Amino acid sequence: MEKGRIIFLNGVTSSGKTSIVEALQEQEDIFFYVVANDLFQEMVGENYLRKDYWKYLSEVIIMMYHTAKLYSDMGKNVLIDGILVEREEIKPHYHQLLEILKDNPLDIVEVYCPLDICRQRNIIRGDRYETQSQEQYDLMAKNIRYSMKVDTSIYSSEECAKQMIKGLF
């Protein structure tokens with residue numbers, strides 16, 4: 001059985017990852033299952049996250065990658081809506097991702113948006129704090145080998161999705 005493609009959308013909060021995921025799921029010719037940091041974080045009780053946020057988030061992120069691998073092994077295409085961070089609890093995060101998915105077709109897409117625009121989006125959203133994107137940017141893994149980059153400050157999520165389909169498929 002041919003393995004499904006795994007596309008990791010990597011970017012800070014409010015960069016546009018989830019909007020691109022939604023646009024990709026609207027595509028008629030390619031179907032994707034989605035795994036996301038936010039969805040997997042919800043699997044951990046709030047009291048545990050308050051107690052030791054990074055410990056539990058780190059564990060659930062690794063489980064998310066194994067879930068993406070399982071779908072891919074079953075021939076299903078998968079989108080990962082996440083961010084590759086380097087915190088002590090999950091180091092070396094990027095290399096763990098590559099190791100878990102070493103036998104699967106993986107593309108990492110940089111979802112880029114200038115931090116000042118992300119900050120404005122955070123304010124408008126109201127469910128993020130103003131400096132959250134900057135804080136995540138400061139934690140992001142370095143030297144990631146991207147398959148491509150999309151810029152949500154220039155292109156709509158639908159245009160970014162089309163660029164990804166054209167560039168990766």
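This briefing describes the fold, the strand and helix arrangement and selected residues of one chain.

The model is predicted, and its secondary structure comes to seven helices and five strands. The five strands form an open sheet in the order S2-S3-S1-S4-S5, with parallel pairing. Strand S1 is largely enclosed by the rest of the structure, because five of its five residues are buried. The radius of gyration of the chain is 15 Å, which agrees with the value near 15 Å that a compact globule of 169 residues would have.

**Overall dimensions and composition**

- Read from the N terminus on, the elements of the chain follow the order β-α-β-α-α-β-α-β-α-α-β-α.
- Taken along the principal axes, the box filled by the C-alpha atoms of the chain is roughly 45 × 35 × 30 Å.
- Buried residues make up 46% of the 169 residues, while the accessible surface of the chain comes to about 9300 Å², of which 50% belongs to carbon and sulfur atoms.
- Among the contacts in the chain with a separation of 6 or more, 77% are accounted for by residues that stand 24 or more positions apart.

**The sheet and its strand S1**

- The edges of the sheet are formed by strand S2 (33-36) and strand S5 (148-151), each of which pairs on one side only.
- Averaged over the sheet and with direction ignored, neighbouring strands are turned by 25° against each other.
- Strand S1 (residues 6-10) is joined by five bridges to strand S3 (residues 78-82), and the two run parallel; five bridges also join S1 to S4, again in a parallel arrangement.
- Ile 7 can be followed to both of these neighbours of S1, for Ile 7 stands opposite Leu 79 in S3 and has Asp 107 as its bridge partner in S4.
- The side chains of Ile 6, Phe 8 and Asn 10 point one way from S1, whereas those of Ile 7 and Leu 9 point the other way, and all of these residues are buried.

**Helices against the sheet and against each other**

- Helix H1 (residues 17-25) lies across S1, S2, S3, strand S4 (106-112) and S5, and runs at about 165° to S3.
- Helix H3 (residues 46-73) lies across S1, S2 and S3, and its direction is likewise at about 165° to S3.
- H1 also packs against helix H7 (residues 157-168), at an angle of about 65° and with the two axes 8 Å apart, and the crossing by which H1 passes H7 is right-handed.
- On the H1 side of this packing are Ser 19, Ile 20, Ala 23 and Leu 24, which meet Ser 157, Glu 158, Cys 160, Ala 161, Met 164 and Ile 165 in H7.

**Two leucines in contrasting settings**

- Leu 79, which lies in strand S3, has a relative accessible area of 0% and is therefore buried.
- Leaving aside neighbours within four places in sequence, Leu 79 is in contact with Ile 7, Val 21, Leu 24, Phe 32, Tyr 33, Val 34 and Val 35.
- The C-alpha atoms of Leu 79 and Leu 9 are separated by 7.2 Å, although these residues are 70 residues apart along the chain.
- Leu 39, found in helix H2 (residues 37-41), counts as partly exposed because its relative accessibility is 45%.
- Between Leu 39 and Arg 5, which are 34 residues apart along the chain, the separation of the C-alpha atoms is 20 Å.

**Backbone details in the loops**

- A cis peptide bond, with omega about -10°, joins Lys 91 and Pro 92, and Pro 92 lies in the loop between S3 and helix H4 (93-100).
- Ser 14, in the loop between S1 and H1, has a phi near 70°, a positive value in a residue other than glycine; with a relative accessible area of 7%, Ser 14 is buried.
- Asn 143 also has a positive phi, of about 60°, although Asn 143 is not a glycine, and it lies in the loop between helix H6 (132-139) and S5.
- With a relative accessible area of 75%, Asn 143 is exposed, whereas Ser 14 is buried.

Terms used. Residues numbered from 1 in each chain as written. Predicted model: local features only at pLDDT ≥ 70, side-chain atom pairs only at ≥ 80, totals over all residues. Heavy atoms only, no water. Pairing = 2+ DSSP bridges. Helix = DSSP H or I, 4+ residues; strand = E, 2+ residues; numbered from the N terminus. Axes fitted to C-alpha atoms, helices over the stretch in contact; angles between N-to-C directions. Contact = heavy atoms within 4.5 Å. Rg over C-alpha atoms; globule rule 2.2 N^0.38 Å. Buried < 20%, exposed > 50% of the residue type's maximum accessible area, 1.4 Å probe, protein only. Areas by Shrake-Rupley, 256 points an atom, 1.4 Å probe, with all protein chains shown as cover. Left-handed = near helix turned anticlockwise from the far one by under 90°.
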